[in-house]
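Trainee: Can we go through this one together? I'd like to see how each label is earned.

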Amino acid sequence: MLAALADKEFDVVSDTKYADRLASCRRCPSLQYGSTCMHCGCIVEIRAKLGDKGCPHPAGSRWTGADAAAGAEIAIASKQTI
Ligand code: SF4
């Protein structure tokens, strides 16, 4: 399995954004065993590094920092199109 992954390219986030995401996960009550998101079952150290992933919390993303700024821009854009 690892050999198959070695040939793939992944969109990854910057170190700063990765640290912001992990800090949010560490404060989140949905983090189980210090490693796993109870909503998606992902290991957060991996999910947080992938650029095409978001926080799956049902009440809305708990990732802050750069992700929150991007989310706010999307929300504003959505309101403008309605
Ligand atoms: S809900 Fe979001 S912030 Fe909480 S553990 Fe899962 S990915 Fe991290």
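Mentor: Sure, start on the outer side of α2: Asp-15, Thr-16, Arg-26 and Arg-27 are exposed there. This is a predicted model, where local features need pLDDT of at least 70, side-chain atom pairs count only at pLDDT 80 or more, and totals for chains, interfaces and linings use all residues. Residues are numbered from 1 along each chain as its sequence is written.

Trainee: What makes a residue of α2 exposed or buried?

Mentor: We count other C-beta atoms, placed from the backbone, within 10 Å of the residue's own: 20 or more is buried, 12 or fewer exposed, in between partly exposed. Arg-21, Ser-24 and Cys-25 are the buried residues of α2.

Trainee: Why do we say that they line one face of the helix?

Mentor: Looking down the axis of α2, its buried residues fall within an arc of 100° (taken from the directions from the helix axis to the C-beta atoms), so they line one face. An α-helix has 3.6 residues a turn, so residues three or four places apart point the same way.

Trainee: What makes α2 a helix, and how does its span compare with the expected one?

Mentor: A helix is a DSSP run of H or I with at least four residues (a strand is E, at least two), numbered from the N terminus. Helix α2 covers residues 15-27, so its 13 residues meet that cut-off. From first C-alpha to last α2 reaches 19 Å, close to the 18 Å expected (1.5 Å times one less than its number of residues).

Trainee: How many helices and strands does the chain have?

Mentor: Four helices and two strands, in the order α-α-β-β-α-α.
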